[in-house]
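Good morning, colleagues. Today I would like to take you through one structure, beginning with its interior and then turning to helix packing and two loops.

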Amino acid sequence: MSRFFVTLDNIVWSNPIIFLILGSAVFFTVMLKGVQIRNIKHQVKLLFGASDSEAGISPFATFCTVIGYRVGTANVAGVAVAIFSGGPGAVFWMLVTSILDTAISYAECSLGQCYKIKQDGEYRGGAYYYIERGLGLKPVAIIYAVLTFICVPILTVAPHAFSITSGFKNSLGISQYITGAIIAVLLFIVISGGIKRIAKTAELIVPFMTIGFILMTVIVMIMRIKEIPAAFGLIISSAFGANALFGGLLGTAVLWGVKRSVNSSGAGMGEAVPAASATECSHPGVQGLVNSFSVYIDVFVCICTAIIIILTDCFNVQDSAGTLIHISSGSVDVAGGYAEVGIAWTQEALNSIFPGGIGATLLAFFLFFFAFTTLLNYYYQGETAIAYILYKQSAKTRKRAIWALRVVMPLIFFYFAVQSASTSFASGEVGVGLMVWFNVIVLLIMSPTIKKIHDDYTAQRKAGIEKPVFNPKKLGIKNADLWMEINADKIAEEEK
């Protein structure tokens, strides 16, 4: 299985997907006039601009839910893998890609809101909805929904499951089987409550886990303050091939920077769309802005991990031939290959700062929160895909299928929790890559509609309207009829 997933991973994540991601990210950034950069103050304000409803959750709850999925083990383990294969320069390209990717996130989340529906008393949305309703390609939408169901709550669970259990094994010596079983039960308890319980859990965990990890990074920077200029200089010089040691890794640095950025943030996969579509708001542009802002939080956590590893020199780097061209001087275990590439590197880095193994233990708990909130969102994407696939079936049939997923997903988590690192990360990357290929091409085709949504929201804001109102008929957008119901009163006032 490991060989199969690694081989498929190399095929999916070859050069064409890099060109697709970077090219589309630049395209949407230009088309939307740098929407992800010029609206930061407004984006923060929107987080607290509305409350829950019976059908939907608040923008802040959605933001926490999406952050919970974006900030996962890839922000820690994935960064180490990127540095190992692409050198310190991969960190720079990860940052650049993430900033550009926020425009893709805006595109997919606003489009998901535009074509959402109301089903069984809840808002539902996803890439399959805008494929069917926006492009009129229902067979393609069903294929994507099936792909989502296979890739997200099954394949992409793998790296998070392994990272949680290996983190506790490395720090506290707890068996991966024991940790895997306990967390599988906790996962079932939360997801059995649906999107409302998932959102409430994310609201409680996400602020704590993000701020805590940042504070831990600040402590490392204070303890290694003299090495900070050299560390950042190493990242920049390696990114442009100017570093004597890592100069030959320029192409690989770009590849791994892009790869880790997309795997970490999920921008372009359509992963954030179901949660974004479940929000109560007056215009799709709101969720486009709120959820594109979440990518910044994600990349910031990635940068924190990179700083911790590089400042403490707890990393190795290998060239394309598999030869180590840099060997860690900060950890004997990393240098000797005893600490596996990923979580263990960051734990070794923190142990060099915090005495008595406290650093590794703290990271294990942070990883639990990172991965657990990600898994909650992965489940919800699977639930939404099931709801779409069984749209014409009875509500009772849909509920049974959803409950089956609630039982099966914790079992899948347990399976991957005790597998090898190579199997876990490769299977997760395959799932991400397949969805990126599918979704980004759809977004490019639907870019005229995305532009209409953006331009309408921007125009209303410029006209002094504090809370823009979405009227799809006015914009010539078909099959978005739910919005005529949501904004019925406000639209009626405008037409008087």
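**The nonpolar core**

In this predicted model, the largest nonpolar core has 148 residues, and the members that touch the most others are Ile-83, Tyr-130, Phe-213 and Phe-413. Helix H19, residues 358-389, gives the most to this core, namely 17 residues.

Let us consider one of these members in detail. Which residues does Phe-213 touch, if we leave out those up to four places away in sequence? They are Val-76, Val-301, Cys-304, Thr-305, Ile-308, Leu-363, Phe-366 and Phe-370.

**Two pairs of helices**

I turn now to packing. Two packed helices are described by the angle between their axes and by the distance between the axes.

The first pair I shall discuss is H18, residues 343-351, and H19. These helices pack at an angle of about 135°, and their axes are 7 Å apart. Angles over 145 degrees count as roughly antiparallel and those from 65 to 115 as roughly perpendicular; H18 and H19 are therefore oblique to each other. Their crossing is right-handed.

Which residues meet here? On the H18 side they are Ile-343, Thr-346, Gln-347, Leu-350 and Asn-351, and on the H19 side Ile-358, Gly-359, Ala-360, Leu-363, Ala-364 and Leu-367. The residues of this contact divide into seven nonpolar, four polar and no charged. Please note that Leu-363 of H19, which takes part in the contact with H18, is also one of the residues touched by Phe-213.

The other pair is H7, residues 89-114, and H16, residues 284-311. Their axes come within 7 Å and cross at roughly 155°. Because that angle is over 145 degrees, H7 is roughly antiparallel to H16. H7 passes H16 in a right-handed crossing. In this contact, 16 residues are nonpolar, 10 are polar and none is charged.

**Two loop residues**

Finally, I should like to mention two residues with positive phi values. Lys-33 is in the loop between helix H2 (15-31) and helix H3 (35-38). Its phi is near 55°, a positive value in a residue other than glycine. Is Lys-33 buried or exposed? Its relative accessibility is 58%, so Lys-33 counts as exposed, the cut-off being over 50%.

Asn-479 lies in the loop between helix H23 (472-475) and helix H24 (482-486). Phi of Asn-479 is near 65°, again positive in a residue other than glycine. With a relative accessibility of 40%, Asn-479 counts as partly exposed.

Thank you for your attention.

Conventions. Residues are numbered from 1 along each chain as its sequence is written. This is a predicted model: local features need pLDDT of at least 70, side-chain atom pairs count only at pLDDT 80 or more; totals for chains, interfaces and linings use all residues. Side-chain values use heavy atoms; hydrogens and water are left out. A nonpolar core is a set of buried Ala, Val, Leu, Ile, Met, Phe, Trp, Tyr and Cys residues joined through side-chain atoms within 4.5 Å. Buried means under 20% relative accessible area, exposed over 50%, partly exposed in between (1.4 Å probe, protein chains only). Helices (H or I, at least four residues) and strands (E, at least two) are DSSP runs, numbered from the N terminus. Contact means heavy atoms within 4.5 Å. Axes are lines fitted to C-alpha atoms, for helices over the stretch in contact, and angles run from 0 to 180 degrees between N-to-C directions. Angles under 35 degrees count as roughly parallel, over 145 as roughly antiparallel, 65 to 115 as roughly perpendicular and the rest as oblique. A crossing is left-handed if the near helix is turned anticlockwise from the far one by less than a right angle, and right-handed if clockwise. Ala, Val, Leu, Ile, Met, Phe, Trp, Tyr, Cys and Pro count as nonpolar, Asp, Glu, Lys and Arg as charged, and the others, Gly among them, as polar.
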